Amino acid sequence: MTGIDERQEQVVIVGAGPVGLFLAAELRLAGVGVTVVERRAERPSITKGVAMHARTLELLAMRGIAGAFLDGGVRLPGWHFGFLERRVDFTGLDSPYPFVLSFPQDRTEAILEDRALALGARIVRGEQAVGLEQGDDDTVRVRTSRTEYRAAWVVGADGAGSAIRQLAGIAFPGTEAAIYSYVGDVVADRPPAPGFNVVNDRGAMMVAAMPGGLHRIAGYDPVRQQAGRGALTLDELRETSARIAGADFGLHDPKWMTQFDSATRIASAFRSGRVLLAGDAAHTHFPAGGVGLNLGLQDAMNLGWKLAAVAQGRAGESLLDTYEAERKPWAEDVARHTMAQTALITATTAEGLALRKLLSDLMGALPEMNRALARRLSAVDVAYPPADPAAHPLTGARVPAAEMPDGRPVTVTPAGTTAIVRPDGYVWWATDDPSPDLAAAWEGLGVRF
Ligand SMILES: Cc1cc2nc3c(=O)[nH]c(=O)nc-3n(C[C@H](O)[C@H](O)[C@H](O)COP(=O)(O)OP(=O)(O)OC[C@H]3O[C@@H](n4cnc5c(N)ncnc54)[C@H](O)[C@@H]3O)c2cc1C
């Protein structure tokens, strides 16, 4: 029989993946009561997302937690775009973190879970959400096999197959799987030189260093397309390496191996009434460029302070609509980029290889092209320009560094301008007036802190 949780929670998050865990901590910073409901009994030891990009590191630094990642990760100066021979160079990025940090997702989740718990979030494991009901009483009910949870707001952070998205009736349009890709995080006795990636008429492969002596071997194998999603054996990965790269790299002791697909979908809405979506529940795509986890953490940072303010009656509900307005265009942009990379990674015909060479050569000849791709992959080009043409030109611009460990906005004065920085690191309001009326500015923002 289903029991009823006695607590009427302010927010229930379904899914204790990285996005749900980070969002829980963001809400706790403001003192919002949070329960996270997770179907898995144990935290998984899956290394899945490894690439952490500059903007994510900037955001983690704003909360004072980047050190745990930087200390344990491997800094890579370059990263691939569609496995093009010439790699994207991040060293010129205008960020305190001009590199890609290789850091396995299981360790990311461990750090984020410990932090969410330390900040007072309740995490309930081993319960799968199977029902959702939005009543007329400003209460949403989430039913699991054991318990019914009640909350003022529910966030589906339950991954690409999101039950919450489906139960809320939110469509997930996009493309079906066009290709299947292999990945293995393994020990390589004879790894190739750093920055290895290749596409030829036999398939595609990239190799990236990971912490703990592992290497990620990933790519596209035309011969393995019938295998579809799911299990991959070490012998199969060795055979694929030997055939595509001409060497099996001495692979052994796999930590995680699988086949995944290129389905690309974006939720038609990120909010339906008192239900919101974040992370893979809101968008899924081929993991080319290693951006999905980054995108999701940035969703959580955008949503956290807004939902906290609305849940605590410090702002009107319309603030929540800015979450989809700001984040969905960037999810769409990532979807286009990853689809373009899918086309490049699978361009194994003579014509495809010619196109790849042309683009690779252009990247070498045009530094601006490299710069644009580095800024895009790292998400340092994300900005939220306001609709109001009278707003200060800095409004919505990214702030690379600001200390906001408690998640509260700060006032900064770069080069004579006074700016209020939102809790997610973007300029909220700015003026060149040397004696600004900050009290009036705060009043105009419509959110109390
Ligand atoms: C091969 C591969 C490589 C990748 N590499 C990168 C990379 O280098 N960089 C990067 O940024 N991203 C990468 N990604 C993407 C990244 O792993 C995802 O974007 C990320 O896991 C999304 O986090 P999430 O919290 O939104 O969802 P998930 O990680 O999917 O977590 C969802 C959670 O919800 C739980 N859940 C699901 N349904 C229910 C339910 N009904 N009730 C309760 N709980 C439920 C699940 O058990 C899970 O714990 C990669 C993905 C793949 C497949």
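**Exercises on a predicted model: strands 22 to 24 and helices 9 and 10**

In this predicted model, 3 bridges join strand 22 (residues 410-412) to strand 23, and the two strands run antiparallel.

**Exercise 1.** Determine which residue of strand 23 is the bridge partner of Val410, and how strand 22 and strand 23 are connected.

*Solution.* Step 1: the bridge partner of Val410 in strand 23 is Val421. Step 2: strand 22 and strand 23 form a hairpin with 5 residues between them. Step 3: within that turn, Ala415 has a positive phi of about 45 degrees.

**Exercise 2.** Describe the pairing of strand 23 with strand 24 and the placement of the side chains of strand 23.

*Solution.* Step 1: strand 23 is joined to strand 24 (residues 427-431) by 4 bridges, and the pair runs antiparallel. Step 2: Val421 stands opposite Val427 in strand 24. Step 3: a hairpin is formed by strand 23 and strand 24, with 5 residues between them; Gly425 in the turn has a positive phi of about 85 degrees. Step 4: Thr418 and Ile420 point one way from strand 23 (residues 418-421), Ala419 and Val421 point the other way, and all are buried.

**Exercise 3.** Classify the relative orientation of helix 9 and helix 10, and characterise their contact.

*Solution.* Step 1: the axes of helix 9 (residues 350-365) and helix 10 (residues 367-378) come within 5 Å and cross at roughly 100 degrees. Step 2: angles of 65 to 115 degrees count as roughly perpendicular; helix 9 and helix 10 are therefore roughly perpendicular to each other. Step 3: helix 9 contributes Leu359, Leu362, Met363 and Ala365 to the contact, and helix 10 contributes Pro367, Met369, Asn370 and Leu373. Step 4: by class, this contact has 7 nonpolar, 1 polar and no charged residues.

Methods. Residues are numbered from 1 along each chain as its sequence is written. This is a predicted model: local features need pLDDT of at least 70, side-chain atom pairs count only at pLDDT 80 or more; totals for chains, interfaces and linings use all residues. Side-chain values use heavy atoms; hydrogens and water are left out. Axes are lines fitted to C-alpha atoms, for helices over the stretch in contact, and angles run from 0 to 180 degrees between N-to-C directions. Angles under 35 degrees count as roughly parallel, over 145 as roughly antiparallel, 65 to 115 as roughly perpendicular and the rest as oblique. Contact means heavy atoms within 4.5 Å. Ala, Val, Leu, Ile, Met, Phe, Trp, Tyr, Cys and Pro count as nonpolar, Asp, Glu, Lys and Arg as charged, and the others, Gly among them, as polar. Buried means under 20% relative accessible area, exposed over 50%, partly exposed in between (1.4 Å probe, protein chains only). Two strands pair if DSSP finds at least two bridges between them.
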